[in-house]
Amino acid sequence: MTHTEACRQLDELGYVLLDGLMSPTLLGELREAVERLFTLEGAAAGSEFKTEPGARRLANLVNKGTIFREII
């Protein structure tokens, strides 16, 4: 995808898919880390920032594991 195509997709759809940006292994590790945090934090998950009814949210991930710093 070219830069122009990505910009057009962002304008038209509001998001851009970045296929192949990370390895399947890293993606799996991130998913596991996120689920682990939801389990650990329970009802307080995301409360450091803002909570919304019906939305799962975490906050300050960069401070909650080296794996999150890897993707910055």
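**Exercise 1. Overall shape**

What radius of gyration does the protein have, and what would a compact globule of 72 residues have? Work out the overall picture from there.

*Solution.* Keep in mind that we're looking at a predicted model.
- Start with the reference value: a compact globule of 72 residues would come out near 11 Å. The protein itself has 15 Å.
- Next, check the box. Along the principal axes, the C-alpha atoms fill roughly 40 × 30 × 15 Å.
- Then look at the fold elements. There are 3 helices and 0 strands, and the order from the N terminus is α-α-α.
- Finally, turn to contacts along the chain. Take those with a separation of 6 or more: 30% of them link residues 24 or more positions apart.

**Exercise 2. Surface and charge**

Find out how much of the protein is buried, what its surface is made of, and how its charges are placed.

*Solution.*
- Buried residues account for 19% of the 72 residues.
- The exposed area is about 5800 Å², and carbon and sulfur atoms supply 56% of that area.
- For the charges, count 8 positive and 11 negative ones. Their mean positions sit 6 Å apart.

**Exercise 3. The N-terminal helix**

Is Gln-9 buried or exposed, and what does Gln-9 touch? Do the contacts for Ala-6 as well.

*Solution.*
- Place Gln-9 first: it belongs to helix H1, residues 3-13.
- Its relative accessible area is 13%. The cut-off for buried is under 20%, so Gln-9 is buried.
- Now list its partners, skipping residues up to four places away in sequence: Met-1, Gly-14, Tyr-15, Val-16 and Leu-17.
- Ala-6 is found in helix H1 too. With neighbours within four places set aside, Ala-6 contacts Met-1 and Val-16.
- To follow up on Val-16, compare chain and space: Ala-6 and Val-16 are 10 residues apart along the chain, and their C-alpha atoms are separated by 6.2 Å.

**Exercise 4. The nonpolar core**

Which residues make up the largest nonpolar core, and which element gives the most to this core?

*Solution.*
- As background, nonpolar side chains in soluble globular proteins tend to be buried together.
- Here the largest such core has 9 residues: Leu-26, Leu-30, Ala-33, Leu-37, Phe-38, Ala-45, Leu-58, Ile-67 and Phe-68.
- Sort them by element. Helix H2 (24-41) and helix H3 (66-70) are the ones that give two or more residues.
- H2 gives the most, with 5 residues.
- Zoom in on one core member, Ala-45. Beyond four places in sequence, Ala-45 touches Phe-38, Thr-51, Arg-57 and Leu-58. Phe-38 and Leu-58 are themselves listed in the core.

**Exercise 5. Two residues towards the C terminus**

Where does Asn-60 lie, and what is its phi? Then describe Arg-69 and its surroundings.

*Solution.*
- Asn-60 lies in the loop between H2 and H3.
- Its phi is near 55°, a positive value in a residue other than glycine.
- Its relative accessibility is 41%. Partly exposed covers the range between 20% and 50%, so that's the class for Asn-60.
- Arg-69 lies in helix H3. With a relative accessible area of 43%, Arg-69 is partly exposed.
- Leaving out residues up to four places away, Arg-69 touches Val-62 and Asn-63.
- For a last distance, take Arg-57, which is 12 residues from Arg-69 along the chain. The C-alpha atoms of Arg-57 and Arg-69 are separated by 18 Å.

Conventions: Residues numbered from 1 in each chain as written. Predicted model: local features only at pLDDT ≥ 70, side-chain atom pairs only at ≥ 80, totals over all residues. Heavy atoms only, no water. Helix = DSSP H or I, 4+ residues; strand = E, 2+ residues; numbered from the N terminus. Rg over C-alpha atoms; globule rule 2.2 N^0.38 Å. Buried < 20%, exposed > 50% of the residue type's maximum accessible area, 1.4 Å probe, protein only. Contact = heavy atoms within 4.5 Å. Areas by Shrake-Rupley, 256 points an atom, 1.4 Å probe, with all protein chains shown as cover. Lys, Arg positive; Asp, Glu negative; His and termini not counted. Charge placed at Lys NZ, Arg CZ, Asp CG, Glu CD. Core = buried A, V, L, I, M, F, W, Y, C linked by side-chain atoms within 4.5 Å.
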